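Colleague: Before I use this model, I would like the terms in its description justified one by one.
Modeller: Ask about them in turn.

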Amino acid sequence: MRRAFVYKNKIEKDGKLVAVEDTIEAFKSQISSHFNLSNESIKLFSSNGCEIVDVRVIRDDEKLFLSLDLCESSLEDLGTVNKSANCSETSMESERTISDWITLNVGGKHFTTSRSTLLAKEPLSMLARMFANDNNVYLMHPSVTDSTGAYLIDRSPEYFEPILNYLRHGDVILDKHVNPKGVLEEAVFYGIDSMIPHLNQLIEESAYARANNHSLTRMDVVRSIILTPTTSELRYQGVNLAGADLNRLDLRNINFKYACLSRCNLSFANLSHCCLERADLSHANLEGSQLLGVKALCANMEGAKLIGCNMEDPSGSRAVMEGVNLKGANLEGSNMAGVNLRVATLKNANLQNCVLRTAVLAGADLECCDLSGSDLHEANLRGANLKDAAFELMLTPLHMSQTIR
């Protein structure tokens, strides 16, 4: 059994809950008995102003009105057809406003739009069906309203705004802080089918840009370390890790060949036996890090901070930093015993108080380097450029046979 809420007018006072009969005549007869009106004077209207002439179009729990007036005077006698001109004009204007402009309360935020905006582009969407006329077979009953008369929709207002703009002008435009995945979920919910391919394309482009341009984070590295078995080699070959905070992590034996580690925080990290060949470590912070047996052939460490690093491996494995760029780097107090720095560039580097016993510095550019207080016992400096280098407070004498120029 269907039922309907019948009110005298749009003010919705003193309504009656009436069972919907099989014919419009029987239904009107029942209403006339409830409201003490003559059967001939009764006309039934839907909420959008259309007169109902067939009970088959009446939905369950639908609101019906005997008059579309909003004037208090109309409450006295609905059977009277003589109404004031002013009251009629007010009613028509109010009804037109209600029909043409719609306010939606989406997640607590109000959006006002025209009825044609909701219906024109996507006539079969949920929003269009909520506010379509009675001739639409897919009509949906609108949601309840708040105290201001706005229709309540319990969804995200942040993701609804791009959808409403799309219905207005047909273009998908998202602010940089709006996630296209969230808008896609709302487009599916509202049934805005033509918008979905555009959003899928934006999601794909966003994922491609993130994979190619965005650097990995600390959590990305930690997750991959946890998931990689100890028997497998972990490779970050050519990966972008610029600016990542990797301090105090155990990164032993990882392949960082050609990786971008520029401005990374690797302080007190364990990079022993890592492959850093041709990696970019410019201006990275490696203070206190362990670099035992590291392979950093031709790596770029310009301006890097390597204070207090340890490169001496008790097992005898030597760190290979041949051809590395350490221009302007700070290696103060580092243990670099036995390190291979052949033809490396250390111009303007700070090597104060470093342990360079048996280190190979043949052909290295040590111009303007500060080697004060360093231990160069048995170091190979043949062919090194020592122009303007500082050798104050040397722990061991520097023999002329160790250098050619």
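Colleague: What should be said about the source of the coordinates and the pLDDT?
Modeller: This is a predicted model. The chain averages a pLDDT of 85, and 86% of the residues score at least 70.

Colleague: Which elements have the lowest and the highest mean pLDDT?
Modeller: Helix 2 (residues 85-100) has the lowest, with a mean of 46, and helix 5 (residues 157-169) the highest, with 94. Over residues 72-98 the pLDDT is below 50, although the model gives this stretch 27 contacts beyond near neighbours in sequence. Where pLDDT is low, the predicted coordinates should not be read in detail.

Colleague: What makes strand 2 (16-19) and strand 3 (62-65) edge strands?
Modeller: The order in this open sheet of three strands is 2-1-3, with mixed pairing. Strand 2 and strand 3 each pair on one side only, hence the term. From one strand to the next, the twist averages 35°.

Colleague: Why are strand 1 (residues 3-7) and strand 2 called a pair?
Modeller: Pairing requires at least two bridges. Strand 1 and strand 2 have four, in the antiparallel sense, so they count as paired. Val6 stands opposite Lys16 in strand 2.

Colleague: Which strands does helix 1 (residues 24-35) touch as it packs on the sheet?
Modeller: Helix 1 touches strand 1, strand 2 and strand 3, and its direction makes about 150° with that of strand 2.

Colleague: Why is one side of strand 5 (109-114) and of strand 6 (151-153) left without a neighbour in the sheet?
Modeller: This open sheet has three strands in the order 5-4-6, and its pairing is mixed. Strand 5 and strand 6 stand at the edges with a single partner strand each, so one side of each has no neighbour in the sheet. Neighbouring strands here are turned by 30° against each other on average, direction ignored.

Colleague: What joins strand 4 (residues 101-106) to strand 6?
Modeller: Three bridges do, and the two strands run parallel. With at least two bridges required, they count as a pair. Asn105 stands opposite Leu152 in strand 6. Helix 5 packs on this sheet, touching strand 4 and strand 5, and its direction makes about 10° with that of strand 5.

Colleague: What makes the link between Asn179 and Lys181 at the start of helix 6 a polar contact?
Modeller: The cut-off for a pair of N or O atoms is 3.5 Å. A side-chain oxygen of Asn179 comes to within 2.9 Å of the backbone nitrogen of Lys181, so the distance meets it.

Colleague: Which residues in helix 6 (residues 180-190) are buried?
Modeller: Among them are Val183, Leu184, Ala187 and Tyr190, buried being under 20% relative accessible area. Just after helix 6, Gly191 takes a positive phi of about 75°.

Note on methods: Residues numbered from 1 in each chain as written. Predicted model: local features only at pLDDT ≥ 70, side-chain atom pairs only at ≥ 80, totals over all residues. Heavy atoms only, no water. Axes fitted to C-alpha atoms, helices over the stretch in contact; angles between N-to-C directions. Contact = heavy atoms within 4.5 Å. pLDDT = per-residue confidence, 0-100. Buried < 20%, exposed > 50% of the residue type's maximum accessible area, 1.4 Å probe, protein only. Polar contact = N/O pair within 3.5 Å; in protein donor to acceptor, adjacent residues only side chain to side chain.
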